[in-house]
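Reader: I am new to this structure and would like to go through it slowly. Could we look at the chain as a whole and then at one part of it?

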Amino acid sequence: MPSFAIEVPGEANPLNESLLVHTLRSAASSDPNQIQTGTKQLQQWERSPGYYRHLQSAYIDTRLPVELRYLAIIQLKNGIDKYWRKTATNAVSKDDKDAIRSRLLQSCLREPADRLALQDALVIAKIARFEYPNDWPDALSALVQTLRSQVSPLQLARALLVLLHVVKELSTARLQRSRQNLQAATPEIVHVLSTLYADSVAYWSPRLGGDVDHETTSAMRLSLMAMKVLRRLIISGYAHPNRHEEVVAVWGAAQQHLQRFLQQRETEKLALQLAKLHHEMAREHPAAFALLPNSIDLTMAYWGLAKAHGESFGAHGTVQAAVSNAKIGTDGDSDERSTTEKLALRGLLILRACVKMVHSPAQTFKYRTAEDKEEKNQATELIRQHLLTATLVQDIMETLVIRFFVFRASDLREWEEEPEEWEKREEGEGEDWEFSLRSCSEKLFLDLAINYKDMLVQPLLQVFYSVATPENEDVLFKDSVYTAIGLAAPVVFEQLDFDAFIRDVLVAEVQKQKPGFNILRRRVAILLGQWISIRITERQLVYQIFQFLLSTTDPLNDQVVRVTAGRQLSKVVDDWNTKSDDLEPYIDSILAQLMALINEVELTETKMALLNTISVIVERMEHRISPFAERIVGMLPQLWEASGEEHLMKQAILTILARLVNAMKGESVPLHGMVLPIIGGAVVPGSDTEVYLLEDAMDLWASIIVQMPQPSQEALELVPLLFPIYEFGSEQLRKALEITESYLLLAPEHMLSDNIRQPLFSALSTLFAALKSKPEANGMVCNIVELAIRQSHKLGGTAAVDQTASDLVQVGFLGKLLEGLRGSWTAHCTTGPLAMHSPVDGIVETDYFAILARLIMGSLEGFSSAVQAAAPQVPSSQTGRSRNPLDDTMGWLLEEWFSHFENIGDPGRRKLMALALTKLLDLNQRVILLSLQSLMTVWTDVITELRDDTQETTSSTMDHSKEGDSLVYSSSSTLQPPDPHEAPEDARRRGSTYIDEVHTVSLPAFVKETLERAVAVSGGEEAFRREWVGNVDRDVWGAFMGLGIL
């Protein structure tokens, strides 16, 4: 029957239970239109009062269809995460919460459908995490009471299900208070559950061996569920499990049951739960594990089980025969991990936890009592003396190498059938070592090798020397031993001449043309990747081996071998001791092989790994990569198109492009035409790719501008896209400011044109106000403004600086700057209880004054006009007389400037300030001359510092006209030949530095000339001394005259 439902706004559909059921029926139907209409209506009701109470009512009503009830409970569960917190917007009301809580437990206990009961249990657990024990104090006690009561098997199973998920939620809480609440309730729950577990096991144990009836199966499920809850409670519910009798009792019962459960297929799941309990105890409570009864014997039993499993793990004889015949069958090897393998893995994990307990104990800031410390020491000594003996450690090492490092038939079969998938899984197995027997074996082996070096190195080397000959062709055993030598590289490198091993063994072995030697070729690539950063001097042989392994002309170099070599090559190239000169002869063929391999493989992750290797090569080769750049770039468009929505691949492509540009420097210009449109598309606000690609696109953008010899129209058109990025306030802000500074160096004419200058200053002004508390970001903004002033002076002299100053006033930048300095001056004038906090201080204030200094050096008139226009209003004097606004501003500004001067540490900044303050004398204003004493102090300090730095410079090498100023560059330093491989921006920055007044103007000479002009304007020397010098302290005047300037 067609649907005539009309979609109307939520407020037009008042919420009630019958309408909600109707809407749920629509959302749960098979009609796409009804699903869309119903789902949208449910979303609109999410924030409506009563919505979640009505959802629970719909779920509880067993007359409704199961699918409808399932949708209702799912909606309720999702809503708890969003709206149950009291602080959430549109939070569920207290009345609705009370109504929902009152029906939770009973609705789940009576639910016959398993999947609905599971969702109900999850709802109860989520609510308990928010409300236990404050708003729902009986959440756990009600469940315990149910377990104590004579209830039906269904209700008992449901109560255990709810308890399991509640304990899961409470045990993952991060707040200490939440964990303490759980710990307070744990002993009673453990007592009840352990009794239930013991009774149920006693019921079904005698009935195994024959036909298992429904009651027996139900009892076994009950035992399994009880143990799941017990396991989590014992681990999370006790700070010191070994100190509690109920835990000791459960621990003893678990050990007794484990051996018996392993003998019956029906009880394997229960055996695995017991193994998880043992492992988690060793990992989370190592001292308790060691001190609980019979833990040493338990660990030895696990090792015995693991060792027995190792006898069949690799099936060495069978696999070796198959390898020799170049055929891998399926006999005797299951794809599914058996229960025995899972238990063997738990055994290795327990052993690893014991090794960590002794040699790498967890560090914690938690207060420990004397009893805690004593238990820890006792447990450590117990494990050291009675478990990790020399005999056991050697036995573990031998078993791991001989049994668990060996490939199984299923591994080799997957190698043949799905090589790319297999290689990817093997490459990443180190990350999931807790779930992989071989990976866990490697981790345990490395732990033992590091901590029992003296005991294990010599036996390992003996085994290694026995197999490391070209004549030995036991491929699988060699692979195992080479695996061990690779893992133990940091331990054995002093006793093993690995270079000789490469020359005498590996070079011959990788060239052998026999079945199965592809296994060894793969291992050689991994081995070289592991040793390259430890000790290898035979670099040429290493490069040749990888060149050979990547070749497709040899049939033994199958896809697994070549992809593995491609991955491991990145480690070789990225090593500190890899020199581009040595690598250069092999790059042509290696790049060709890698690019062909990228086209051959199908998995995006594999393509990205190989592309990363090329990226590392590009970075290592620097300018030498230029001849190969066209080939590398040529494959990228196809990868970009093929990646579709795989943004990780696009990020990798942008990264390699950035490295190419940085490596090629000025020679990268041919790439810019292709790259700049990509950058534009990635950084446009609101674009689909902005979220994923912005960071990498910004890095690439920055690289291009730095390496661009001359500005291009395409690059200049991107400038307006920088300004919206200023608003992000993240790491992208830093990069955007760096790019802006690079643009000012590259294309000052464009950046200071009317179309760009004003939006730029406006954006910087908006940003400037928010960065007072962030010195680094504030410094970047100030550096940009400072550079803009310098560049405007370079392009248009004082007139251009006047315009720049006017623009800074117009956008409010200079006003904010002076307001901040005025606030600091006001704060520094207050002391004691009435002392005010300075809005700007330290390096931020230095950056503010640097901008003013650049304005002064660029145009004294422009500075005066700008300050007068932008300065904050100053109240009239106490006498009520009207004063010159500029004098008022300059009065407090100079006082603050001189006060801050001693806090400036950078010599270049100190000289810049001294030059600017000196130049203010040319204004011939009384307020400046009133500060003559402070000026003379600055001159004396800075000139003395600059002269001290020149003492080591002999008179024969110093330009006499610049004597006494170590920051002035000599003419010979500016004529140094540039580095032919430097970045174009480096040359631009160097040129900008060479014309900076800090490095071209001698401060003593500048002071002398300026002061002589001021004396002349004041009516001559005698008048100047009478009116101004008379106010200067004698010591200050004497120190200044001691400079010999006048």
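Reader: How far apart are the mean positions of the positive and negative charges of the chain?

Author: The model is predicted, and in it the chain carries 102 positive and 138 negative charges. Taking the mean position of each set, the separation between the two comes to 5 Å.

Reader: How many helices and how many strands are there in the chain?

Author: The secondary structure of the chain is made of helices, with no strand to set beside them. The count is 52 helices and zero strands.

Reader: Why is the chain said to be more spread out than a compact globule?

Author: For 1046 residues the globule rule gives 31 Å, and the chain is more spread out than a compact globule because its radius of gyration is well over that value. Along the principal axes, the C-alpha atoms fill a box of roughly 125 × 80 × 75 Å. The radius of gyration itself is 39 Å.

Reader: What percentage of the residues of the chain count as buried?

Author: A residue counts as buried when its relative accessible area is under 20%. Of the 1046 residues of the chain, the share that meets this is 52%.

Reader: Which helices are included in what covers the buried residues of α11?

Author: Helix α11 runs over residues 245-261, and its end C-alpha atoms are 24 Å apart, in agreement with the span expected for 17 residues. Its buried residues include Val247, Trp251, Leu258 and Phe261. Among the elements that cover the buried residues of α11 are α9, α10, α12, α13 and α14.

Note on methods:
Residues numbered from 1 in each chain as written. Predicted model: local features only at pLDDT ≥ 70, side-chain atom pairs only at ≥ 80, totals over all residues. Heavy atoms only, no water. Helix = DSSP H or I, 4+ residues; strand = E, 2+ residues; numbered from the N terminus. Rg over C-alpha atoms; globule rule 2.2 N^0.38 Å. Buried < 20%, exposed > 50% of the residue type's maximum accessible area, 1.4 Å probe, protein only. Lys, Arg positive; Asp, Glu negative; His and termini not counted. Charge placed at Lys NZ, Arg CZ, Asp CG, Glu CD. Expected span 1.5 Å × (residues − 1). Contact = heavy atoms within 4.5 Å.
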